[in-house]
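Visitor: I am new to this and would like to learn how to read a structure step by step. Could you guide me through one?

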Amino acid sequence: MEMPVERTRSSADHRARPAPGVVSAADVGILLLRLAVGVTLAGHGAQKLFGWFDGPGLDATGKGFADLGYEPGVFFAGLAGVSEVLGGLGLAVGLLTPLAAAAAVGVMINAMAVAPNIALWSAEGPAFAYPMLIAVAALTIAAVGPGRLSLDVFFPWRDGGWLSVAVALVVGVAGGVVILAL
């Protein structure tokens, strides 16, 4: 009589995909995180570029960027605004997620570098906490992937992984550092 062989769980079994058509709580959770982070980031970019949501618009933002040492200010304000809008929308809808996360990380590195108060929290104005939280959330989304409720649903990075988070981190940090060096 043959004894049944006990199969050990592989490391991939813990992330077994639900049956087709089944939406898991994790899918909904990552969708909520993507929407919150992505729409918030895109909104900040729209404030910079278009003056939407009581934002200053490109000329005033450019002047603020010039005051921070980013010359020409309007160019760098536009670059930040476009990165926030495209990165935010990409995260929100789950499209090209590692690149969208990289855009968010690059902009937030610059925001952290010029934060007037390097404390995590400040009652006096902008601090380190907001850009740090956005950057970490973007990297988290890249690491776990945008999930089944995303436009990346058919791409291999839908489920995240080390390659996705490495692309987001390396491209984002490289872009942020290049802008700081200019």
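Guide: Let us go from the whole chain to a pair of helices and then to single residues. Please keep in mind that this is a predicted model.

Visitor: Happy to start there. How many helices and strands does the protein chain have?

Guide: The protein chain has 6 helices and 0 strands. Read from the N terminus on, its elements run α-α-α-α-α-α.

Visitor: And what share of the residues is buried?

Guide: Of the 182 residues in the protein chain, 38% are buried. As for the outside, the accessible surface comes to about 10,600 Å², and carbon and sulfur atoms account for 72% of that.

Visitor: What share of the contacts links residues 24 or more positions apart?

Guide: Take the contacts with a separation of 6 or more: 60% of them are between residues 24 or more positions apart.

Visitor: Now to a pair of helices. How are two packed helices described?

Guide: The general idea is to give the angle between their axes and the distance between the axes. Here, look at helix H5 (residues 129-144) and H6, whose axes come within 7 Å and cross at roughly 150 degrees. Angles over 145 degrees count as roughly antiparallel, so H5 is roughly antiparallel to H6. Their crossing is right-handed.

Visitor: Which residues meet where H5 and H6 touch?

Guide: From H5 come Leu 139, Ala 142 and Ala 143, and they meet Ser 164, Val 165, Ala 168 and Leu 169 of H6. Sorted by type, the residues of this contact are 6 nonpolar, 1 polar and no charged.

Visitor: Let me pick Ser 164 from that list. Is Ser 164 buried or exposed?

Guide: A residue counts as buried when its relative accessible area is under 20%. Ser 164 has a value of 6%, so it is buried. This residue sits in helix H6, which spans residues 162-181. Beyond its neighbours within four places in sequence, Ser 164 is in contact with Pro 98, Ala 142 and Trp 157.

Visitor: May I try another residue? Where is Gly 90, and is it buried or exposed?

Guide: Gly 90 belongs to helix H3 (residues 73-93). With a relative accessible area of 8%, Gly 90 is buried too. Setting aside residues up to four places away in sequence, Gly 90 touches Leu 95 and Ala 100.

Visitor: How far apart are Gly 90 and Ala 103 in sequence and in space?

Guide: They are 13 residues apart in sequence, and their C-alpha atoms are 9.4 Å apart in space.

Definitions and conventions:
Residues numbered from 1 in each chain as written. Predicted model: local features only at pLDDT ≥ 70, side-chain atom pairs only at ≥ 80, totals over all residues. Heavy atoms only, no water. Helix = DSSP H or I, 4+ residues; strand = E, 2+ residues; numbered from the N terminus. Buried < 20%, exposed > 50% of the residue type's maximum accessible area, 1.4 Å probe, protein only. Contact = heavy atoms within 4.5 Å. Areas by Shrake-Rupley, 256 points an atom, 1.4 Å probe, with all protein chains shown as cover. Axes fitted to C-alpha atoms, helices over the stretch in contact; angles between N-to-C directions. Parallel < 35°, antiparallel > 145°, perpendicular 65-115°, else oblique. Left-handed = near helix turned anticlockwise from the far one by under 90°. Nonpolar A, V, L, I, M, F, W, Y, C, P; charged D, E, K, R; others polar.
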